[in-house]
Amino acid sequence: MPTVEEAVAEQERLRPLVRAVADPDFTPRFVAGLDVAYGDDDRVVGAVVVLDADLRTVDEAVVSGVAEFPYVSGLFAFRELPSLLAAVKKLTVAPDLLVCDGQGVAHPRRFGLACHLGVLADLPSIGVAKTPMGPYDLPGTAKGSCTDLVDDGEVVGRALRTCDDVKPVFVSVGHRIDLDRACAEVLRLCRTRLPETTRRADSLGRRHLR
DNA sequence: GCGACAG
DNA sequence: ATCTTGTCGC
């Protein structure tokens, strides 16, 4: 495993590969949700589910292992990426979009987990975080309301209300997609505060912990 | 020195 | 992340 310094250098090296634009023909049919569940003593289970246009689960994969990197804010990917990438590779149904549990470019070095996963898997990806990494303005209370996440004068994501009167989620581009499409996908996937993709990946991971 | 800090 | 059931409300 890399040291903290090496991990930061790796992020800077890969960051230029991020594309915040979708392919002209981008129309996701199969969307994947990814999450990692934690057990005792650094045991981890990377879980991924694939949903079709009707939000039916059409594929699942899990990979259990041991966390090789500590939790360090800003270097989250080095903890969760190995098991998640391995799980994605086990899928039978190829996803058109990865929905990650964490930040994309809304990150101090513009290279959160969603970017890292998108670049390494060479797939469109978005980050949906439950907590922002910086300050933000609260959006209106209606589903679909949003405010821009601004960092250093740049719009890096959006605080998005996914249901009426629930706490917003924090959406940012991971790779090969734009922010408008990213938010539209999140809204399409939400029946409750969090996208169905992450909810199902979360329960799949927990289930596999035993 | 104290608090914050994706999961 | 995790420790944790039922319960009140829409």
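# Reasons behind the labels

User: Why does D42 count as partly exposed?

Analyst: Its relative accessibility is 37%. Buried means under 20% relative accessible area and exposed over 50%, with partly exposed in between (1.4 Å probe, protein chains only), so 37% puts D42 in the partly exposed class. One thing to know early: this is a predicted model, where local features need pLDDT of at least 70 and side-chain atom pairs count only at pLDDT 80 or more, while totals for chains, interfaces and linings use all residues. Residues are numbered from 1 along each chain as its sequence is written, chains are lettered from A and ligands numbered from 1 in the order in which they are written, and side-chain values use heavy atoms, leaving out hydrogens and water.

User: What makes D42 and R79 a salt bridge?

Analyst: The term asks for a side-chain nitrogen of Lys or Arg within 4 Å of a carboxyl oxygen of Asp or Glu. The closest N and O atoms of D42 and R79 are 3.8 Å apart, so the pair qualifies. This salt bridge links distant parts of the chain: D42 sits in the loop between strand 1 (31-38) and strand 2 (43-51), and R79 in helix 2 (residues 77-90), 37 residues apart. Helices (H or I, at least four residues) and strands (E, at least two) are DSSP runs, numbered from the N terminus.

User: Is R79 buried or exposed?

Analyst: R79 has a relative accessible area of 14%, so the label is buried.

User: How many salt bridges does a search of the whole structure find?

Analyst: There are 16. Among them, D178 and R181 meet with N and O 2.9 Å apart. D23, D122 and R176 are linked in a network of salt bridges.

User: Why are R200 and E196 separated by about one helical turn?

Analyst: Both belong to helix 5 (residues 196-207), and they are separated by about one turn because they are four residues apart there. Their side chains form a salt bridge at 3.3 Å, N to O. R200 is partly exposed at 23%, while E196, at 8%, is buried.

User: Which residues are around DNA strand C?

Analyst: They are Y38, K130 and R206. A residue is near a strand if one of its heavy atoms lies within 4 Å of it. Of the DNA strand C atoms within 4 Å of the protein, 100% belong to sugar or phosphate. An N or O atom in the side chain of K130 is 3.3 Å from a phosphate oxygen of that strand, and for R206 the distance is 2.6 Å.

User: Why does S83 count as buried?

Analyst: S83, found in helix 2, has a relative accessibility of 9%, so buried is the right word. S83 touches V36, V44, G46 and V63, not counting residues up to four places away in sequence; contact means heavy atoms within 4.5 Å.

User: How do you know that strand 1 and strand 4 pair?

Analyst: Two strands pair if DSSP finds at least two bridges between them. Strand 1 and strand 4 (residues 97-100) have three bridges in the parallel sense, so they pass. In strand 4, L97 is the bridge partner of V31.

User: What is the order of the strands in the open sheet?

Analyst: The eight strands run 3-2-1-4-5-8-7-6, with mixed pairing. Strand 3 (57-66) and strand 6 (146-151) are the edge strands, as each pairs on one side only.

Technical notes:
A polar contact is a pair of N or O atoms within 3.5 Å; within protein, one must be able to donate a hydrogen and the other to accept it, and residues adjacent in sequence count only if both atoms are side-chain atoms.
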